[in-house]
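Got the viewer open? Keep the selection box handy, and we'll walk through this one stop at a time.

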Amino acid sequence: MLRTFKGGVHPEDGKKLSAHKAIEPGPIPDVVVIPLSMHIGASAVPVVAVGDHVDLGQPIADASGVISAPVHASVSGMVTAIEPRPHPNGIKMMSIVIENDKLDTPYEKNQPLSESDRKNPDAITTRIGECGIVGLGGAAFPTAPKIRSGFGKIDRLIINGAECEPYITSGYRLMLERTEELISGIRLLMTVFGLNTAYIGIESNKLDAVAHIESMLTQNDGIIVYPLKTKYPQGAEKQLIRAVTGRKVPPASLPAAVGCAVFNVDTVIAVHHAVYDGQPLTTKVVTFSGDCVANPKNLEVRIGTPIADILKDIGGFKEPPRKVLFGGPMMGIAQPNLNAQIIKSTNAILGLSGTEDPLETEHVCVHCGRCLSVCPMNLMPVYMYAHAERGQLDKCEQLNILDCMECGSCSYICMGRLHLVQMFKKAKGQITEANRQAK
Ligand code: SF4
Ligand code: SF4
């Protein structure tokens, strides 16, 4: 029987639009706009000035705290501005603008780690930090501090190949096309944590990826591939841990609390390149898909490339989309501004038509109870919504609304078409702010 977790939903996956499309290089941008914040934690601090020439892979902003990550040039060329620019989060964010000289002159100081350092957990982790690697599945938590906080506590290393969000196929293509790099990255993380075994969880709608990875492994690798039930949100950290190990991460706790560390396949491949090639994070494999996109593709694009440029290059939309999303339809962020750019955590750009106009639809709870059965965190969305609507934040907190991971399963299944997740996001923000002020 396939491993899984309790709850969850089965949205139409839409993956057939791009799953068969091999990764292609994206268009070479004339200009890249690289935000100083593409991660959770403190923004990076610029170490270049307007007028400077930079090489491909050169550090252009340093990490500025324990939870932070440096930023690197994704092209060679001239820094033409350091100023606020549109960011995929919907706000303007300080960014470094580089005019591409199209020479891709490599930054010569980026060199592979020595063979002896490749056996040294501290040296590997330092290199991961220097190369600006963050969680590439969407969370964007800097990887080096995540590893350091787990030193001595981790006995289960789990690689997340679930890719449960509809339409997204970038991780699937990476598992098929960059398998050696993936296995190499897993071995490095096993060295970091001093483990002889690692587990890869992959949903059963990607059994060819399971078979392909297994065909590349030997018994001595200690890497075990688990096919998982295809169900959303199978790739959420706590649900993946539950499915692979049977362990339950307590509310408000991190995976390390139950001895687990989870890394996305993209992140693991980036670890390989950082260590073996001295290559910082300057590109990202992104799925461009949705029923409105003329030519769905999986593209490896330079970080900082404006989305509008990429869409133009691949033929744009065949019909005007009702919405453009950064990320999947369940947790993605709607983009009003296509001048925003690809950042480290971008895994998909979707153009979707949809049929419902949310402003014209009546939203009423019909007490069907479906939200109660699908919540993977065992929460009570219908009651949380009712209290949040009345501003009863204390009652929301008693119902553990802060454990809501905003997966969207309840909104997806809701017969009353209630905007449950939006309400929970707002209430969580208000509770967090009230708690902060109380402190
Ligand atoms: S309440 Fe939160 S965690 Fe539960 S299904 Fe809804 S969005 Fe997901
Ligand atoms: S799924 Fe929607 S309509 Fe059904 S009980 Fe939950 S909130 Fe109400």
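Start by selecting P233, which sits in the loop between strand 11 (223-228) and helix 6 (237-245). Add Y232 and look at the peptide bond joining the pair: it is cis, with omega at about -5 degrees. One thing to keep in mind as you go: this is a predicted model.

**The parallel sheet**

From that loop, step back onto strand 11 and bring up its neighbours. The open sheet here has 4 strands, ordered 11-10-9-12, with parallel pairing. Strand 11 and strand 12 (260-264) are the edges, each pairing on one side only. Look along the sheet and you'll see the twist, which averages 25 degrees from one strand to the next.

Now select 156-161 and 198-203. These are strand 9 and strand 10, running parallel and joined by 5 bridges. For one spot to zoom in on, pick L157, which stands opposite A198 in strand 10.

**Helix 3 against helix 7**

Next, show residues 170-177 (helix 3) together with residues 265-276 (helix 7). How far apart are the axes of helix 3 and helix 7, and at what angle do they pack? The axes are 9 Å apart and the angle is about 45 degrees. Because of that angle, helix 3 counts as oblique to helix 7.

To see the contact, turn on side chains for G171, L174 and M175 in helix 3, then for V265, D266 and I269 in helix 7, which they meet. Colour the contact by class and you get 4 nonpolar residues, 1 polar and 1 charged.

**The mixed sheet**

Keep helix 3 on screen and add the other sheet. This open one has 6 strands in the order 1-14-13-17-15-16, and its pairing is mixed. At the edges are strand 1 (23-25) and strand 16 (333-334), each with pairing on one side only. Helix 3 packs on this sheet, where it touches strand 1, strand 13 (283-289), strand 14 (297-302) and strand 17. The direction of helix 3 makes about 125 degrees with that of strand 13.

For an antiparallel pair, select 323-326 and 348-352: strand 15 and strand 17 are joined by 4 bridges. V324 is a handy marker, with G351 in strand 17 as its bridge partner.

**Helix 1 and its cover**

Jump to residues 121-130, helix 1, where I124, T125, R127, I128 and G129 are buried. What covers the buried residues of helix 1? The cover includes helix 2 (143-150), helix 4 (179-193) and helix 7, so show those as cartoons around it. Just past the end of helix 1, click G132, which takes a positive phi of about 70 degrees.

**Ligand 1**

Time for the ligands. Select ligand 1 and expand to its shell: 15 residues surround it, and the closest are C375, C404, C407, S409 and C410. Helix 12 (409-413) and helix 13 (420-438) each supply at least two residues of that shell. The largest share, 3 residues, comes from helix 13. By class, the shell around ligand 1 splits into 12 nonpolar, 2 polar and 1 charged.

Two backbone oddities are worth a click here. N400 has a positive phi of about 60 degrees despite not being a glycine, and it lies in the loop between helix 11 (393-398) and helix 12. Is N400 buried, exposed or partly exposed? It has 15 C-beta neighbours inside 10 Å, so it counts as partly exposed. R417 is another non-glycine with a positive phi, about 55 degrees, in the loop between helix 12 and helix 13. R417 is also partly exposed, because 15 other C-beta atoms lie within 10 Å.

**Ligand 2**

Last stop: select ligand 2 and expand again. It is surrounded by 15 residues, the closest being C365, C368, C371, C414 and G416. Helix 9 (370-374) and helix 10 (381-389) each give at least two residues to the shell, and helix 10 gives the most, with 3. Colouring the shell around ligand 2 by class brings up 11 nonpolar, 3 polar and 1 charged residues.

Methods:
Residues are numbered from 1 along each chain as its sequence is written. Chains are lettered from A and ligands numbered from 1 in the order in which they are written. This is a predicted model: local features need pLDDT of at least 70, side-chain atom pairs count only at pLDDT 80 or more; totals for chains, interfaces and linings use all residues. A residue is near a molecule or strand if its C-beta atom, placed from the backbone, lies within 6 Å of it. Ala, Val, Leu, Ile, Met, Phe, Trp, Tyr, Cys and Pro count as nonpolar, Asp, Glu, Lys and Arg as charged, and the others, Gly among them, as polar. Axes are lines fitted to C-alpha atoms, for helices over the stretch in contact, and angles run from 0 to 180 degrees between N-to-C directions. Angles under 35 degrees count as roughly parallel, over 145 as roughly antiparallel, 65 to 115 as roughly perpendicular and the rest as oblique. Two residues are in contact if their C-beta atoms, placed from the backbone, lie within 7 Å. A residue is buried if 20 or more other C-beta atoms lie within 10 Å of its own, exposed if 12 or fewer, and partly exposed in between; C-beta atoms are placed from the backbone. Two strands pair if DSSP finds at least two bridges between them.
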